[in-house]
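Subject: Structure handover

Hello,

Please take over the structure shown below. My notes on what was found in it follow.

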2 protein chains.
Amino acid sequence: MTDRAGFQIQPIGVIRSEFKSKVGVPIQTAGAPDLVAELEVFAEFSAGLRDLGQFEYLILLTRMHLAAEESLEVVPFLDAVSRGVFSTRAPSRPNRIGLSIVRLLSIEGARLRFKGVDMVDGTPVLDIKPYVPAFDVRKTDRIGWFAQSIDQLPGKLSDDRMR
Amino acid sequence: MTDRAGFQIQPIGVIRSEFKSKVGVPIQTAGAPDLVAELEVFAEFSAGLRDLGQFEYLILLTRMHLAAEESLEVVPFLDAVSRGVFSTRAPSRPNRIGLSIVRLLSIEGARLRFKGVDMVDGTPVLDIKPYVPAFDVRKTDRIGWFAQSIDQLPGKLSDDRMR
């Protein structure tokens, strides 16, 4: 039963972006690959950034803190019918952890500039991982309900359907 | 300052795998793509699994609970020198969140069978996301220090260097 024990997470940094509300935000970083934002890593974690400038893409794990409600069924931004939340990338999921793949532009001190933005300003960041194609790339055409709507991605923005 | 507030995470399920110790575990699921394991989703989250069977690959976010120590500099399994932890995929990172991309074989009730195993038995699972190439694939040759060692991946196992 210890498997079910909860635990405490401590943000390691925070996103600074142009999006002040959860409405009107790009769906996925791939939907806004040329937008620029910053990640401010808290000073006590900055030693962990060494060697990170060698990478082109980073995986950011975030806390989608503006998703007030966690629900098991949602109508995703790219669909019109209700889906099991684990078959979506919707923010209102248990634990509300987001995954954003971004293109690193520069690191100055503990401030990272990057391209590819789907996070609101003030989003807590939980982890940074280097994107390594040998680990992270899979080829598949089996993308479920996304197949009908994936073409809408560039330019698609969040609306107010999520609580 | 509210950006820095910690928060509580609740596992949504648990991994059942053949690895009972953190030594001798494959490095990344891509290093053991044909091994099979299971994810047991807790009953109260099973409604979130609807539609998930439509996908070939899933992203599992886990708690690498056996990494006793969080450190900002580590000697990664695929290297011999110390690196900033955020430039590695090492378990002993702040918040110890792991990312495993797995190939879904079947879903029976709330039990998922999958291929691609880099998790020890009992690993808490925090989230399940569908893998969607339009969101998740990037092409890059800039993989930093991994460039020297990525060829070792298939068959490489964890050793006892991580606390």
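I start with the sheet in chain A. Strand S3(A) and strand S8 (residues 111-115) of chain A pair in the antiparallel sense, over five bridges. Within that pairing, A:Leu39 has A:Leu112 of S8(A) as its bridge partner. S3(A) also pairs with strand S2 (residues 13-16) of chain A, again in the antiparallel sense, this time over four bridges. There A:Leu39 of S3(A) stands opposite A:Ile15. A:Leu39 thus appears in a bridge to S8(A) and in a position opposite a residue of S2(A).

In a regular strand, side chains alternate between the two faces of the sheet. Strand S3 (residues 36-41) of chain A shows this alternation. A:Ala37, A:Leu39 and A:Val41 point to one face and are buried. A:Val36, A:Glu38 and A:Glu40 point to the other face and are not buried.

Before going further, a word on the source: this is a predicted model. The average pLDDT of chain A is 94, and 98% of its residues score at least 70. For the complex, the predictor gives an ipTM of 0.96 and a pTM of 0.96. Where pLDDT is low, the predicted coordinates should not be read in detail.

Next, the sheet in chain B. Six strands of chain B close into a barrel, in the order S2-S3-S8-S7-S4-S9, and the pairing is antiparallel. On average, neighbouring strands of this sheet are turned by 45° against each other, direction ignored. One of the pairs in chain B joins strand S4 (residues 57-63) to strand S7 (residues 97-108), in the antiparallel sense and over seven bridges. B:Thr62 stands opposite B:Gly98 of S7(B).

One loop residue in chain A is worth a look. A:His65 lies in the loop between S4 and strand S5 (73-74) of chain A. Is A:His65 buried or exposed? A:His65 has 20 other C-beta atoms within 10 Å, so it is buried. Leaving aside neighbours within four places in sequence, A:His65 is in contact with A:Thr123 and A:Pro124. A:His65 and A:Pro124 are 59 residues apart in sequence, and their C-alpha atoms are 7.4 Å apart in space.

The rest concerns how the two chains meet. The contact takes 65 residues from chain A and 65 residues from chain B. On the side of chain A that touches chain B, at least two residues each come from strands S1 (7-9), S4 (57-63), S6 (83-84), S7 (97-108) and S9 (124-130) and from helix H1 (133-136) of chain A. S9(A) gives the most, with six residues. By type, the residues on this side of chain A divide into 37 nonpolar, twelve polar and 16 charged.

Pairing also runs across the two chains. S1(A) and strand S1 (residues 7-9) of chain B pair in the antiparallel sense over three bridges. The bridge partner of A:Phe7 in S1(B) is B:Ile9.

How is chain A laid on chain B? A turn of 180° with a shift of 0.0 Å along the axis does it, with an RMSD of 0.0 Å. That is the relation of a two-fold axis. In chain A, the C-alpha nearest the axis belongs to A:Gln8, 2.3 Å from it. The copies meet through the same surface, because 100% of the interface residues of chain A are also interface residues in chain B.

Regards

Methods:
Residues are numbered from 1 along each chain as its sequence is written. Chains are lettered from A and ligands numbered from 1 in the order in which they are written. This is a predicted model: local features need pLDDT of at least 70, side-chain atom pairs count only at pLDDT 80 or more; totals for chains, interfaces and linings use all residues. Two residues are in contact if their C-beta atoms, placed from the backbone, lie within 7 Å. Ala, Val, Leu, Ile, Met, Phe, Trp, Tyr, Cys and Pro count as nonpolar, Asp, Glu, Lys and Arg as charged, and the others, Gly among them, as polar. Two strands pair if DSSP finds at least two bridges between them. Copies are superposed by least squares on the C-alpha atoms of residues with pLDDT of at least 70 in both. Axes are lines fitted to C-alpha atoms, for helices over the stretch in contact, and angles run from 0 to 180 degrees between N-to-C directions. A residue is buried if 20 or more other C-beta atoms lie within 10 Å of its own, exposed if 12 or fewer, and partly exposed in between; C-beta atoms are placed from the backbone. pLDDT is the predictor's confidence in each residue, from 0 to 100.
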